[in-house]
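I opened a fresh notebook page for this chain. My plan was to look things up one by one and write down what turned up.

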Amino acid sequence: CQAQDCPAITVDIDAVAPICLMTGMPSFDLSATITGGGGGVFTWSGAGITDPAAGTFSPTMAGVGPAAVTVNYREAGCDYVDDIVIQINAIPTADFTASSPVCVSGSSNVLYTGDAAMSATYLWDFDGGNAVPGTGQGPHAVTWPTDGDKTISLTVTANGCQSSTFTQTVTVAPELIAPLISCDVTGDSIVFNWPAVVGATD
């Protein structure tokens, strides 16, 4: 029995940047750099590998989280191995609720209902409103100095992945004008009268 004298060859899987997993994301081929040799055969294995010969990697199949991949390079009867971990991150959602309608003297309660952690970056636009605390996940109490429809928008970034922008509209109603009340005394009764108040309901 004689040990095989293998040439000094190294195989290094080329780096893959962290991936933001999108719906319908296409597969792609991984690659490796050979130093000191050439002409051998690659065999890929691990999470998300759909073609062991080509090194085709499917982020969708691998799923969110670290995906460990191994390549075996065989040349002249000798095997050379390298490993890599590909990080796959979920794209956060930016969903939130906002109470509506509110009076111009009141506030809208804005509550984040997406799936991002507190540590994510939250980019809010309160359409000129004053929000407390106004930064981070919230919840936020938002007031506006004027009435009308106000559009709140949010974009969330987590692990280098950015959500689509989510919006909600809040209707801010003006304050009702206090009516001028008059009264008429007729015998043993008093009748109160006032003009209709715009925007008031029974």
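**Entry 1: the link of Cys6 and Cys78**

I looked up the torsion about the S-S bond of Cys6 and Cys78. It is about -90 degrees, so this disulfide is left-handed. I note that the model is a predicted one. The two sulfur atoms are 2.0 Å apart. Next I asked which parts of the chain this pair links. Cys6 sits in the segment before β1, a strand of residues 10-13. Cys78 belongs to strand β9, and the two cysteines are 72 residues apart.

Is each end buried or exposed? Cys6 has 37% relative accessibility, so I list Cys6 as partly exposed. Cys78 has 1%, so Cys78 goes down as buried.

**Entry 2: the link of Cys20 and Cys161**

How many disulfides does the whole structure hold? A search finds two. The other pair I looked up is Cys20 and Cys161, with a sulfur distance of 2.1 Å. The S-S torsion here is -95 degrees, and this link is left-handed. Cys20 lies in strand β2, while Cys161 lies in strand β17, residues 161-162. They are 141 residues apart in the chain.

I checked accessibility again. Cys20, at 25%, is partly exposed. Cys161, at 0%, is buried. I then numbered the bonded cysteines in sequence order and got the pairing 1-3, 2-4. I also looked at Cys103, which is partly exposed at 41%.

**Entry 3: the partners of β9**

Cys78 sent me to strand β9, which covers residues 78-90. Which strand runs parallel to β9? Strand β2, residues 19-21, does, and three bridges join the two. Leu21 has Ala90 in β9 as its bridge partner.

I then turned to strand β8, residues 65-75. It runs antiparallel to β9, joined by 11 bridges. One bridge there pairs Arg74 with Asp79 of β9. β8 and β9 make a hairpin, with two residues between them.

One of the turn residues caught my eye. Ala76 has a phi near 55 degrees, a positive value in a residue that is not glycine. Its relative accessibility is 58%, so Ala76 counts as exposed.

**Entry 4: a three-stranded sheet**

I found an open sheet of three strands in the order β3-β7-β6, with antiparallel pairing. Which strands stand at the edges? They are β3 (28-29) and β6 (49-51). Each has a single partner strand, so one side of each is left without a neighbour in the sheet.

I followed β6 to its partner. Two bridges join β6 to strand β7, residues 56-57. Asp51 stands opposite Thr56 in β7.

**Entry 5: the nonpolar cores**

I looked for the residues that touch the most other members of the largest nonpolar core. They are Tyr122, Trp124, Ile152, Leu154 and Val156, out of 20 residues in this core. The elements giving two or more residues to the core are β10 (96-98), β12 (108-112), β13 (121-125), β16 and β18 (166-173). β16 gives the most, with four residues.

There is a second, separate core of 17 residues. Among its members are Ile9, Ile19, Leu30 and Tyr73.

I went back to Val156 and listed its contacts, leaving aside neighbours within four places in sequence. They include Pro92, Tyr112, Ala120, Tyr122 and Cys161. Cys161 is the buried cysteine from Entry 2.

**Entry 6: Ser153**

Where is Ser153? It lies in strand β16, residues 148-158. At 16% relative accessibility, Ser153 counts as buried. Beyond residues up to four places away in sequence, Ser153 touches Phe96, Leu123, Trp124, Asp125, Thr165, Phe166 and Thr167.

**Entry 7: backbone oddments**

I searched for cis peptide bonds. The bond from Ser100 to Pro101 is cis, with omega near 5 degrees. Pro101 is in the loop between β10 and β11 (102-103). The bond from Val132 to Pro133 is also cis, with omega near 0 degrees. Pro133 is in the loop between β14 (130-132) and β15 (140-143).

Last, I looked up Asn159. Asn159 has a positive phi of about 55 degrees, although it is not a glycine. I place Asn159 in the loop between β16 and β17. Its relative accessibility is 61%, so Asn159 counts as exposed.

Definitions and conventions
Residues are numbered from 1 along each chain as its sequence is written. This is a predicted model: local features need pLDDT of at least 70, side-chain atom pairs count only at pLDDT 80 or more; totals for chains, interfaces and linings use all residues. Side-chain values use heavy atoms; hydrogens and water are left out. Two strands pair if DSSP finds at least two bridges between them. A disulfide is a pair of cysteine sulfur atoms within 2.5 Å. Buried means under 20% relative accessible area, exposed over 50%, partly exposed in between (1.4 Å probe, protein chains only). Contact means heavy atoms within 4.5 Å. A nonpolar core is a set of buried Ala, Val, Leu, Ile, Met, Phe, Trp, Tyr and Cys residues joined through side-chain atoms within 4.5 Å.
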